[in-house]
Amino acid sequence: MTSTDLDSPAVSAGGSASPRVKQCVADGVAGLKSYGLLYGSSPVMLDLYEQIERVADTDATALIIGESGTGKELIARTIHERSSRKGGAFVPVNCGAIPDELIEAELFGHEKGSFTGAVQGRVGYFEHANGGTLFLDEITEMAPVRQVKLLRALETGTFYRVGGNELISGNVRVIAATNRDPAVAVKENGLREDLMYRLAVFPLRAPPLRERENDRELLAQHFLAQLNQQEATNKSFSKRSIETLRSWSWPGNVRELKNAVYRAFILAEKTVELPHPHLTSRVKKAVTQGDAMSVWIGTPLADAQKQIILGTLKYCGGDKRRAAKALGVSLKTLYNRLSAYGDEREEGEDEQ
Ligand SMILES: Nc1ncnc2c1ncn2[C@@H]1O[C@H](COP(=O)(O)OP(=O)(O)O)[C@@H](O)[C@H]1O
Ligand SMILES: [Mg+2]
């Protein structure tokens, strides 16, 4: 996610908003800061806390933009909790998971008999969120015709249930989220420009973990401390885990990191070993079935070659001469390869 055409935030909470960013001492991770439900001490996160503090207590619609796993829902919940609406409901809706023909009824409710199968009337998410916050996740997945009614509801604060003729007015604060660049979504994915501008009165960017240098280690220690507390254990990361935390870019962001820590925690006796995700994917073994073999998509070429050579050798019952013939290489080449793999296998054996 790089840039959007959105203007800078048009809302000010008035005066100098000072975020109550607190040093987290609860689980003893030195240097870790938290704000609302969010943890992280990197400059981009401190900047985000500042922006949330400014927007939380207004009724401005916010659009949270960020890759999957960066904490968009947690940001939305934090806005809700820091607002005067915190006593009301926080209603999350994944627009991408609702079939197109149902989304209107899900959002605005419907009257009995308004469509086939509507045997009973039902209140929609807008009414559930009355007095609280409605979180519309994956907003760019909504079909353009459905977006028109949403825009109207946002602009007027009123809507009709599907099949109803009573105008309902709601007191709902809407926060939307997307993992696409909204400007690109307008050009390519049918996001209406008017809706984008209406939603993005206050755009907030959820930064990816690769921009949050020290946070990787701090967050990992935080998740480990939480698990230690839950399970009454005292496990700690190995030195190599710390290196992995620093060197891996974590494309799945906080979600990937949290899951990796959880998995490694379960497997650990005392010392938690985070396997390097890159190495883990490299050692994905080919699947052999009779005289055929499938290699995983994305296997590095050198690894694929190694798997084919070793697989053929095995198929030939260890007969190197036959294997070399089948592979179309000289016996010498095969020997060279095998001795190279031998060295590698000794080094890499404990990676699995
Ligand atoms: N800053 C953060 N501090 C602590 N936990 C986080 C943070 N960001 C994300 N998480 C955790 O990572 C996971 C994914 O977060 P989520 O809000 O669902 O991401 P997104 O909606 O962007 O995909 C959740 O388990 C969430 O609790
Ligand atoms: Mg999400």
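Me: Asp, Glu, Lys and Arg count as charged, Ala, Val, Leu, Ile, Met, Phe, Trp, Tyr, Cys and Pro as nonpolar, and the others, Gly among them, as polar. On that basis, how do the residues of the shell around ligand 1 divide?

Reply: Happy to help; please keep in mind that this is a predicted model. The shell around ligand 1 holds five nonpolar, six polar and four charged residues. The 15 residues around the ligand include Tyr39, Gly71, Lys72, Glu73 and Val254, which come nearest.

Me: Which helices and strand each supply at least two residues of that shell, and which domains contribute at least three?

Reply: At least two residues of the shell come from each of strand 3 (38-39), helix 2 (72-81) and helix 10 (253-267). Domain 1 (58-207) and domain 2 (212-280) each give at least three residues to the shell around ligand 1.

Me: What makes helix 1 oblique to helix 2?

Reply: Helix 1 (residues 43-56) packs on helix 2 at an angle of about 45°, and their axes are 9 Å apart. Roughly parallel needs an angle under 35 degrees and roughly perpendicular needs 65 to 115, so helix 1 counts as oblique to helix 2. Helix 1 passes helix 2 in a right-handed crossing.

Me: Why is helix 8 called oblique to helix 10?

Reply: The axes of helix 8 (residues 215-231) and helix 10 cross at roughly 45° and come within 10 Å. That angle makes helix 8 oblique to helix 10. Their crossing is right-handed.

Me: And why are helix 8 and helix 9 called oblique to each other?

Reply: Here the angle is about 130°, with the axes of helix 8 and helix 9 (residues 239-247) 8 Å apart. Roughly antiparallel would need an angle over 145, and roughly perpendicular stops at 115. Helix 8 and helix 9 are therefore oblique to each other. Helix 8 passes helix 9 in a right-handed crossing.

Me: Turning to the sheet, what is the order of the five strands?

Reply: The order is 5-6-9-4-10, in an open sheet with parallel pairing. Strand 5 (90-94) and strand 10 (202-205) are at the edges because each has a single partner strand, which leaves one side of each without a neighbour in the sheet. From one strand to the next, the twist averages 20°.

Me: How do you know that strand 6 and strand 9 pair?

Reply: Two strands pair if there are at least two bridges between them. Strand 6 (residues 133-137) and strand 9 (residues 173-178) have four bridges, in the parallel sense, so they count as paired. You can look for threonine 133, which stands opposite arginine 173 in strand 9.

Key:
Residues are numbered from 1 along each chain as its sequence is written. Chains are lettered from A and ligands numbered from 1 in the order in which they are written. This is a predicted model: local features need pLDDT of at least 70, side-chain atom pairs count only at pLDDT 80 or more; totals for chains, interfaces and linings use all residues. A residue is near a molecule or strand if its C-beta atom, placed from the backbone, lies within 6 Å of it. Domain bounds come from an automatic or database domain assignment. Axes are lines fitted to C-alpha atoms, for helices over the stretch in contact, and angles run from 0 to 180 degrees between N-to-C directions. A crossing is left-handed if the near helix is turned anticlockwise from the far one by less than a right angle, and right-handed if clockwise.
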